[in-house]
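Reader: I am new to this structure and would love a close look at a single part of it. Could you pick one strand and walk me through its surroundings?

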Amino acid sequence: MEIKRQLKILNKPPMKKIITKLGDTIDCIDVYKQPAFDHPLLKDHKIQVLNLPIHNDIGTVPIRRTTKRELMFSSLIKRRRKAYPRNPMYHHYVSVETPYNEKNEYYGAKASFGIHNPHVTQNQFSTSQLWIQNGPRDATNSIETGWAVFPEFFGDNFTRTFGYWTADGYKDTGCFNMFCPGFMQVHTRVPFGTILNPTPGSGGEIFFWVFRDKKTHNWWYYMGNDDKTPIGYWPKELFPHLPYGALVRFGGVAGAELNVPSPPMGNGHLPTDAYIMEETGFMRYLQILEENGGTSYFGNSAVIKKDLDTKSDCYDIIFRKYGYWKRRKHGYNSMIFGGPGGNCF
């Protein structure tokens, strides 16, 4: 009954038209009747519209239709977290990050992500992503975005965009994409779950970034190299401990069910000291955003490398801060990462 109720809530808004693409059903919904307004903290929220031509008259926004299977899986994830709070699925992380410090003030993060399509089975998932976090350990506020291959969640093996948020350390609040009320969609064409098609060779790349608006303190999500086309935002009301980030992290996550080998990360190849981006997963132009919208390169602050609970022949990561003569090829503050996975403990 609970899943039926959630489906009714998420799919209730009147639709002007329906677009079906590659098996997805995209509903075009009145911007003020999108699922985010079902969140109790957002009942009286006013849509923030940036002063840009494409958003002067939003009208409708595209929302990928939620299926019963997806809601069942979302509910399953929450039940797993309660039963196994430390490990609902086996997760392997490799990342570089700023050390957590309450005195840090990060107002966003940005990087150009290599796009790949690692081979992932039904009981596995693989991501390339960034995190912005603050708050006490048991009530972490986190915004995460990037791309994922997640068959059990999306129902296919495509590389898709995703966003995730939590306001209580991943216990009860938050969700992927728009499978619970929270994220405000404003872009009129690009929803969460958009398929990214890797190109031959290095796989292609695209910028992902999250930035806190100075005036409203809403957390905006952008995708692509054009800062004139934001996708939407997570309203500030969702986050009691995220006036700004105290930690920024870039990296990948590979996860699997218990007793299932871990999947590939990145493009499935381990990074090497030869540092050839075209041969592995990569990110470059890693940046931290300042309150006024300016940027500083990630390596200008202290950076620590994280390899959690994994063998180096499963996944690894190499971070480098390049000087002037190599900017054009690799960009400042780049990293290569990933690996084939397997039995990684």
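Author: Happily; here is a walk around one strand, followed by a look at the rest of the chain.

Please keep in mind that this is a predicted model. The chain holds four helices and 19 strands, and the strand to look at is β7, which covers residues 141-149. Is it enclosed by the rest of the structure, and how many of its residues are buried? Nine of the nine are buried, so β7 is largely enclosed by the rest of the structure. Buried here means under 20% relative accessible area. For the chain as a whole, 56% of the 345 residues count as buried.

Now for the strands that β7 pairs with. On one side of the pairing list is β6, residues 124-134, which runs antiparallel to β7 and is joined to it by nine bridges. To find one of these pairings in the view, start at Ser128, whose bridge partner in β7 is Trp147. Strands β6 and β7 form a hairpin with six residues between them, and in this hairpin Gly135 has a positive phi near 105°.

The other pairing is with β8, residues 160-166. Seven bridges join β7 to β8, and these two strands run antiparallel as well. Look for Gly146, which stands opposite Phe162 of β8.

Phe162 is a good place to step away from the strand, as it belongs to an aromatic cluster. The other members are Phe125, Phe150, Phe153, Phe154, Tyr164, Tyr170, Phe176 and Phe179. In the whole structure, a search finds 25 aromatic pairs. Rings also turn up next to a charged residue: Lys110 lies over the face of Trp209, at 4.3 Å from the ring centre, and over the face of Phe207, at 5.2 Å from the ring centre.

Stepping back further, contacts between residues 24 or more positions apart make up 73% of those in the chain with a separation of 6 or more. The chain exposes about 15800 Å², and carbon and sulfur atoms supply 52% of that area.

Finally, a word on confidence. The average pLDDT of the chain is 83, and 78% of the residues score at least 70. Residues 1-20 have a pLDDT below 50, and this stretch has 43 contacts in the model beyond near neighbours in sequence. Residues 51-56 are also below 50, with twelve such contacts. Where pLDDT is low, the predicted coordinates should not be read in detail.

Key: Residues are numbered from 1 along each chain as its sequence is written. This is a predicted model: local features need pLDDT of at least 70, side-chain atom pairs count only at pLDDT 80 or more; totals for chains, interfaces and linings use all residues. Side-chain values use heavy atoms; hydrogens and water are left out. Buried means under 20% relative accessible area, exposed over 50%, partly exposed in between (1.4 Å probe, protein chains only). Two strands pair if DSSP finds at least two bridges between them. Contact means heavy atoms within 4.5 Å. Accessible areas come from the Shrake-Rupley method with a 1.4 Å probe; for residues, only the protein chains shown count as cover. Rings of Phe, Tyr and Trp (its six-membered ring) pair if their centres lie within 6.5 Å; planes under 30 degrees apart count as stacked, over 60 as edge-to-face and the rest as tilted. A charge sits over a ring if NZ of Lys or CZ of Arg is within 6 Å of the ring centre and within 35 degrees of the ring normal. pLDDT is the predictor's confidence in each residue, from 0 to 100.
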